[in-house]
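Please follow the account below with the sequence and the 3D view side by side, taking one region at a time.

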Amino acid sequence: SLQRIKRPIMKLKLIIYSICLLHILTGCNEPVRIDPVQKEQEVLAASNPSEYEEDGETIKDYYRSDRTPLIEWVQQDTATLSYPFTSFIQNEYVTIATSADGNLRVYTWDTGDGGTMICWGNIIQYRSGKKVKAEHKSLYAVLHPNESGDSEMDFGSHIDTIKTLYTDNGQAIYLVDEYFRESGNLAYTGVMALNIQNGKLKEYPCFNKDGDKIASIGTEHTISDWYFSTNLGEGWDWLNRYDTANQDLYMPVTNDMQSFTDQYQVWHFDGKQFTLCGQSGPLPSCVSMSSILPGCRRPFSAISDGS
């Protein structure tokens, strides 16, 4: 009958309608493909850099430019975790430190605020399982989410290097080089150990100091002594360096005036933790340790870059 013919036709129409509707809905959820090179140029243009003339050429200065376009892009596009941001770095728009395994990245810029105590802007981006998290916060605020954001520690830090180590069981440890500007003539330089646990970025206490496990080591120091007595820092490139061949971390030593000396501490990594092996100096390309504590081996060889 005519009624029997209409029923299959109605069912077919319903199926076609459902398929079309599903296609529309799933199409809306597909991620928008971004041309990163073009997007990078758009962000730089939207950041409103200052301009000045030099030798007949227009120079763009991004020192006090707006980082909102950068923040929004990184927070919205997970692919930025592995993007090189070549133009950003060439234009000194942002400093980027990335771990060797590509699972942790820190963006840093000088906000221009804070007076003699520089306020650094940071984005902390890391892989959490199958997801990528990006937080526009200082590293301290990310690691201590329940603490007040008004503390001096939340002024951010300048992070330009992440060293990637692996424990004996294959767990990744990230040694983050941190620099704080505390005043016009006082700063802090140090290393903080991190890892990703259950999808969260955590401090990793792996420095054995007097029997206690701590996650960071470093020292306060005067700024003028370091920079002006060594040609704006030239000659101090060994600070916080990691010797990958011998698994040794070299940390600076200061005197009673908080000035850097030519001495250094050596922290040895045994695949589980760092142990203080001794103190010596100065540091030429190859030198023997003048004092080695029990449990530590050998004089060390030339430094190789572990960043």
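Strands, as the word is used here, are DSSP runs of E that hold at least two residues and are numbered from the N terminus. The model in view is a predicted one, and a useful place to begin is strand E1, which covers residues 50-54.

Strand E1 pairs with strand E2 in the antiparallel sense, and five bridges hold the pairing. Within this pair, Ser-50 stands opposite Asp-61 of E2. The two strands form a hairpin with two residues between them, where Asp-55 takes a positive phi near 55°; Asp-55 thus belongs to the loop that leads from E1 to strand E2 (57-61).

The hairpin also brings us to a feature of the surface, since Asp-55 is part of a patch of negative charge in which Glu-51, Glu-53, Glu-54 and Glu-57 gather with it. Of the elements involved, strand E1 gives the most to this negative patch, contributing three residues.

Further along the chain, the reader can turn to an open sheet of six strands, whose order is E12-E11-E17-E16-E15-E14 and whose pairing is mixed. Its edges are formed by strand E12 (212-214) and strand E14 (241-243), each of which pairs on one side only. On average, and with direction ignored, neighbouring strands of this sheet are turned by 40° against each other.

Inside that order, strand E15 (residues 248-254) and strand E16 (residues 260-269) run antiparallel and are joined by six bridges. To locate this pairing in the view, one may start from Tyr-250, whose bridge partner in E16 is Val-266.

Key:
Residues are numbered from 1 along each chain as its sequence is written. This is a predicted model: local features need pLDDT of at least 70, side-chain atom pairs count only at pLDDT 80 or more; totals for chains, interfaces and linings use all residues. Side-chain values use heavy atoms; hydrogens and water are left out. Two strands pair if DSSP finds at least two bridges between them. Helices (H or I, at least four residues) and strands (E, at least two) are DSSP runs, numbered from the N terminus. Axes are lines fitted to C-alpha atoms, for helices over the stretch in contact, and angles run from 0 to 180 degrees between N-to-C directions. Patches are made of residues with over 30% relative accessible area and no salt bridge: like charges are joined within 9 Å, nonpolar side chains (Val, Leu, Ile, Met, Phe, Trp, Tyr) within 5 Å. Accessible areas come from the Shrake-Rupley method with a 1.4 Å probe; for residues, only the protein chains shown count as cover. A salt bridge is a side-chain nitrogen of Lys or Arg within 4 Å of a carboxyl oxygen of Asp or Glu. Lys and Arg count as positive and Asp and Glu as negative; His and the chain ends are not counted. The place of a charge is taken as NZ of Lys, CZ of Arg, CG of Asp or CD of Glu.
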